[in-house]
Amino acid sequence: MYRKEKSILLKDSSLALYNNMSVLPLPAKQLTYFASVHGTTVNMVSASDDGLSFSHRQLQAKEGSLGVGASIITQAAWCVLPSRVLLVLTSRKGIQMYESDGSIMVYWHALEGLESPPGKAVFARGIAATGQRFVCVGTSLGSVLVFDVPAKGTNVTLSEVLEKHCDSITDIAGELCEQPEGVPDLVTADDSGALCVWFSGEKFTLANKIPASECTCSSVKLWNGIIAAGYGNGHIRLYEAASGILRAEVRAHARWIYALDLAPLSGKLLSVAEDSFVQVWKLSPSPDSEGIEIQHCHAECVTDTMICGARFCNPEGSAFAVTGFELSEIIHYVLV
């Protein structure tokens with residue numbers, strides 16, 4: 001059972017974008033960072049674990065090294081690598097990587113060189129860290145850009161472009177748990193509902209492709225070899241990453257799912273949608289078969305709110321936060 005705590009105010013409201021919240025827990029500092037997108041701005045809040053201290057920052061994403069001009073941001077997410085943490089922003093003009101507190105831009109990659117069909121907008125969307133040093137970012141043209149990130153400094157390089165999708169990338173997820181070598185550790189999703197599962201490395205290779213669905217896959221997570229995918233019809237599907245076999249499906253929401261999250265230490269799954277509901281589930285391997293069990297644990301209704309962002313606040317899943325369209329606050333829940 002989760003209990004609603006005091007909300008965390010934002011300087012501006014959140015837009016109706018898929019996965020429009022990112023959370024970075026910093027246990028050593030007894031702080032948690034939150035971020036959501038509004039237009040050309042990222043609303044950032046650092047909150048103390050005791051809930052008594054808050055610090056706000058609005059990151060106005062500048063394009064290019066000259067810091068001139070700004071465009072609509074499509075997503076902001078922290079990418080946690082073994083050697084460093086970066087705040088990555090995607091927009092209609094390109095991809096920006098910042099130090100974790102947003103203080104210094106580390107890298108800028110422009111999208112202006114990409115050729116698009118007439119009438120099709122070019123933008124980046126879908127952000128995930130994978131392996132020891134890679135950050136992957138999707139584009140509206142269906143390509144996935146793989147960046148090689150050094151342990152320190154600004155010498156970030158575009159190492160590879162993955163081109164197995166035919167539709168706009170919606171979300172990307174790296175494996176949340178340590179897995180043996182040779183196990184897929186990245187999944188990419190697109191507007192058609194297709195999923196591609198990858199092995200990361202010096203050269204990324206495709207493990208399998210799950211065909212297009214009848215609707216968009218808007219959010220995806222990868223945990224212990226299980227893919228959790230949320231769709232526009234409100235369903236959650238659980239696939240085996242190595243084979244692409246569908247192991248379970250649940251009618252989780254009445255309307256379009258906007259975000260999923262997974263707590264790696266507990267297997268808890270968080271889902272939110274246009275229907276104003278927050279659902280918490282528990283995933284576990286079935287002891288009697290090769291299937292996956294999904295158990296419903298908790299539900300919350302955020303009245304009259306189209307929820308567009310949700311994240312667990314720690315690896316155990318004992319707290320989570322949500323925000324919604326035109327909502328100027330982050331609603332915080334803790335396990336009791």
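A residue is taken as buried when its relative accessible area is under 20%. By this criterion Cys 136, at 0% relative accessibility, counts as buried in the predicted model described here. Cys 136 takes part in no disulfide, and the nearest cysteine sulfur, belonging to Cys 79, is 8.7 Å away. A disulfide requires two cysteine sulfur atoms within 2.5 Å, and the structure holds zero such bonds. For Cys 301, the closest cysteine sulfur is that of Cys 308, at 15 Å, which is too far for a bond. Cys 301 has 40% relative accessibility and therefore counts as partly exposed.

The largest nonpolar core comprises 19 residues. Within this core, the residues touching the most other members are Val 88, Ile 95, Met 97, Val 135, Val 137, Phe 147 and Val 156. Two or more core residues are contributed by each of the strands β7 (73-80), β8 (85-91), β9 (94-99), β10 (105-110), β11 (124-130), β12 (134-139) and β13 (144-148). A second, separate core contains 17 residues, including Ala 228, Leu 260, Leu 262 and Ala 273. In the largest core, the surroundings of Val 88 can be described further. Beyond its neighbours within four places in sequence, Val 88 is in contact with Gln 75, Ala 76, Ala 77 and Cys 79, as well as with Ile 95, Gln 96 and Met 97. The remaining contacts of Val 88 are with Ile 127, Val 135 and Val 137.

The largest pocket has a volume of about 1,400 Å³. Its lining consists of 44 residues, of which Val 80, Ala 129, Gly 174, Glu 175 and Leu 176 are the closest to the centre. At least two lining residues come from each of β3 (22-26), β7, β11, β15 (169-174), β19 (217-223), β23 (257-263) and β27 (307-312). The largest share, five residues, is supplied by β7, a strand that also gives two or more residues to the largest nonpolar core. By residue class, the lining of the largest pocket divides into 26 nonpolar, ten polar and eight charged residues.

The second largest pocket encloses about 460 Å³ of space. Of the 23 residues that line this pocket, Thr 32, Ser 48, Asp 49, Asp 50 and His 332 lie nearest its centre. The elements giving two or more residues to this lining are β3, β4 (31-38), β5 (41-48) and β29 (329-335), and β4 gives the most, with three residues. Twelve nonpolar, six polar and five charged residues make up the lining of the second largest pocket.

Terms used: Residues numbered from 1 in each chain as written. Predicted model: local features only at pLDDT ≥ 70, side-chain atom pairs only at ≥ 80, totals over all residues. Heavy atoms only, no water. Core = buried A, V, L, I, M, F, W, Y, C linked by side-chain atoms within 4.5 Å. Buried < 20%, exposed > 50% of the residue type's maximum accessible area, 1.4 Å probe, protein only. Helix = DSSP H or I, 4+ residues; strand = E, 2+ residues; numbered from the N terminus. Contact = heavy atoms within 4.5 Å. 1 Å grid on protein atoms, 1.4 Å probe; cavity = no way out; pocket = protein on both sides within 12 Å on 5 of 7 lines; lining within 4 Å. Points joined across faces, edges and corners; volume = space filled by probe spheres on them. Nonpolar A, V, L, I, M, F, W, Y, C, P; charged D, E, K, R; others polar.
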